[in-house]
Amino acid sequence: MEASDVILVLTSIAIVFVLSSLLDQRRRRRTRLMPYTYPVIGHLVSLLRNRHRFYDWVTDVLSETTLPSKTIEVRPPFFGTPGVCTAEPTNVEHILRDNFPNYVKGPRFNAVLADFLGDGIFNADGELWAHQRKTAGHEFSTRSLKSFIADIVEAEIAGRLIPTLLSAAEAGNVVDLDDVFRRFTLDNICDLAFGDDPACLGPGREFPPFALAMDEATEICFHRFLSPLPWIWKAKRVLNVGSERRLRRAVKTIDDYLTRIVASREEEELIRTGNPPKQDLLSRFIEASRKENPNPGSSNQKRRKFLRDIILSFVFAGKDTTSTALSWFFWLLCENPRCEKRILDEIREVVLVSDADKIVPGYEEMKRMNYLQGMISESLRLYSPVPHNSRQSATDDVLPDGSRVGKGWFADYSAYAMGRMENLWGPDCREFKPERWLKKDGSFVAADQFRFPVFHGGPRSCLGKDMAYLQMKAVAAAVVTFFHVVKVGEEPPGYTVSLTPKMKGGLHVRLIKRNQSS
């Protein structure tokens with residue numbers, strides 16, 4: 001082909017691309033098609049440009065749509081499977097509850113996370129999910145587990161968290177609260193999940209290899225989700241190179257650790273005679289599986305994989321979400337000193353005089369802390385620990401706002417964006433106002449779960465919601481009672497783009513003991 005022919009071909013392609021783009025722009029004014037979408041490359045340019053601020057980019061795109069409903073159609077690059085993304089509560093309700101059977105985790109979600117989470121409740125669909133949900137739901141509803149959780153949280157706060165912070169305050173040291181909370185919640189969730197305390201909260205303590213491997217696996221899997229060209233990570237997995245090789249090593253570290261714990265616990269339960277059973281989730285699931293199949297025989301390996309997958313899913317769900325929520329809570333507390341006084345006044349009013357020296361308020365006392373509940377909820381509204389969630393449509397469907405969802409399309413909703421929508425929260429939606437959660441008499445009023453889908457909703461709603469609130473209220477009440485928290489530096493923190501948006505660079509503060517700050 002001569003040079004003139006090449007120029008002609010390239011010019012023709014450029015003209016077609018420009019004309020298609022102009023037609024697409026006109027079409028976008030009349031439809032739900034995502035802005036910044038172009039033929040062939042889809043939204044690739046905009047995604048790459050905003051990759052570092054993904055959740056705010058999604059919020060901007062949903063906010064900018066001129067249609068009454070905050071729903072857009074998304075066209076991935078290079079003819080990838082399209083989908084929709086919404087911040088409309090009626091659509092979220094439809095996806096999570098009203099048409100629940102149609103919106104599954106699906107092959108897309110499973111392909112990204114199966115290497116890491118296996119067939120656990122977080123990743124499963126159908127009968128496999130229903131069986132795990134029924135088993136877990138029964139255990140989470142028992143009074144004994146709730147009491148066990150409260151005991152773990154109280155012991156960790158009184159025995160490690162407050163002493164660690166007191167030492168730092170007395171030495172005048174700057175503390176990274178984000179790091180402290182990550183260690184605190186890891187100790188809590190491991191104790192709750194399988195009765196193993198890594199004891200990583202304290203001076204000179206290191207994160208165990210298991211926890212570091214989980215961090216790496218989580219990050220790599222999330223970047224699989226964001227990859228505009230999924231075939232690249234799939235090819236790397238086949239070739240066992242780069243990030244996929246690191247993922248394989250991380251998963252092996254996790255598997256070795258959990259397999260050893262599961263086998264050891266099963267042996268303990270077999271020889272346990274006359275002693276009360278352990279209360280952690282693994283022991284409860286072992287007992288439940290034995291009741292279903294008292295003579296497992298050749299199903300030993302299958303049962304152990306089930307136990308590994310379901311326990312890992314609960315650790316995955318609880319390891320970073322609560323710590324991240326606590327970090328954002330305390331940053332907002334530092335930014336809003338009036339809220340600190342309100343919390344202190346409420347604690348002094350609610351905590352019984354005879355119990356004033358307790359480090360952790362009692363369960364019934366925490367239930368009466370309405371302003372603290374409102375402040376935590378307001379923090380979660382602005383900084384959801386799980387800011388973005390995805391389902392896949394099993395059949396063609398139409399959402400309540402008229403948006404079409406094709407078979408096999410993804411259907412995403414953004415809790416982060418929904419917390420910043422003026423049509424949902426009013427013109428002050430970007431402001432931190434715990435009072436929006438309180439009635440005139442000061443009592444707390446919960447938001448509709450589909451307007452505030454921080455803990456998801458419908459049949460897959462978060463089983464650990466009450467545990468998360470218990471942890472956050474207990475930590476907040478204890479820390480605020482003992483310390484005035486002063487942030488170091490003026491720059492607002494950024495977030496890491498991950499499944500859980502951790503505070504970038506940590507939360508560095510100075511702690512002033514209450515008897516010194518008055």
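This is a walk through a predicted model, going from its sheet to its salt bridges, then to a pocket and an annotated cysteine.

Let's start with the sheet. Five strands make up an open sheet in the order E1-E2-E8-E5-E3, and the pairing is mixed. The edges belong to E1 and to strand E3 (103-104), each of which pairs on one side only. If you begin at the E1 edge, strand E1 (residues 71-74) runs antiparallel to E2, with four bridges between them. To find this pair on your screen, look for Ile-72, which stands opposite Cys-85 in E2.

Strand E2 covers residues 83-86, and its residues point in two directions: Gly-83 and Cys-85 one way, Val-84 and Thr-86 the other. Are these residues buried or exposed? All of them are buried, whichever way they point. E2 is also joined to strand E8 (residues 410-414), this time in parallel, again through four bridges. Here Thr-86 is a handy marker, as it stands opposite Tyr-413 in E8. Over at the E3 edge, E3 and strand E5 (residues 388-393) pair in the antiparallel sense over two bridges. In that pair, Tyr-103 sits opposite Ser-393 of E5.

Now for the charged side chains. Side chains of opposite charge can pair when their charged atoms come close. A search of the whole structure turns up 41 salt bridges, and a few are worth a visit. Glu-73 forms one with Arg-75, with the closest N and O atoms 2.8 Å apart. The two partners differ in their surroundings: Glu-73 is buried, at a relative accessible area of 16%, whereas Arg-75 is partly exposed at 30%.

A second salt bridge links Asp-119 and Lys-305, whose closest N and O atoms are 3.3 Å apart. Asp-119 is in the loop between helix H5 (106-117) and helix H6 (126-140), while Lys-305 belongs to helix H13 (residues 300-319), so this pair ties together parts that are 186 residues apart in sequence. Asp-119 is partly exposed, with a relative accessible area of 36%, and Lys-305 is partly exposed too, at 40%.

The side chains of Arg-308 and Asp-309 also meet in a salt bridge, at 2.9 Å from N to O. Both of these residues, Arg-308 and Asp-309, are buried. Elsewhere, salt bridges with shared partners connect Glu-378, Arg-381, Asp-428, Glu-431, Lys-433 and Arg-436 into one network.

Next, have a look at the second largest pocket, which holds about 650 Å³ of space. Its lining consists of 28 residues, and Tyr-363, Lys-367, Asp-466, Met-467 and Leu-470 are the ones nearest its centre. Which helices each supply at least two residues of this lining? They are helix H7 (143-171), helix H16 (363-367), helix H17 (370-382) and H20. H7 gives the most, with nine residues. By residue type, the lining of the second largest pocket divides into 16 nonpolar, four polar and eight charged residues.

The last stop is Cys-462, which an unreviewed UniProt entry lists under "binding site". In this model, Cys-462 lies in the loop between helix H19 (422-425) and helix H20 (465-482). Cys-462 has a relative accessible area of 34%, so this residue counts as partly exposed.

Methods:
Residues numbered from 1 in each chain as written. Predicted model: local features only at pLDDT ≥ 70, side-chain atom pairs only at ≥ 80, totals over all residues. Heavy atoms only, no water. UniProt positions renumbered as here; feature names shortened; annotations may be inferred. Buried < 20%, exposed > 50% of the residue type's maximum accessible area, 1.4 Å probe, protein only. Pairing = 2+ DSSP bridges. Salt bridge = Lys/Arg side-chain N within 4 Å of Asp/Glu carboxyl O. 1 Å grid on protein atoms, 1.4 Å probe; cavity = no way out; pocket = protein on both sides within 12 Å on 5 of 7 lines; lining within 4 Å. Points joined across faces, edges and corners; volume = space filled by probe spheres on them. Nonpolar A, V, L, I, M, F, W, Y, C, P; charged D, E, K, R; others polar.
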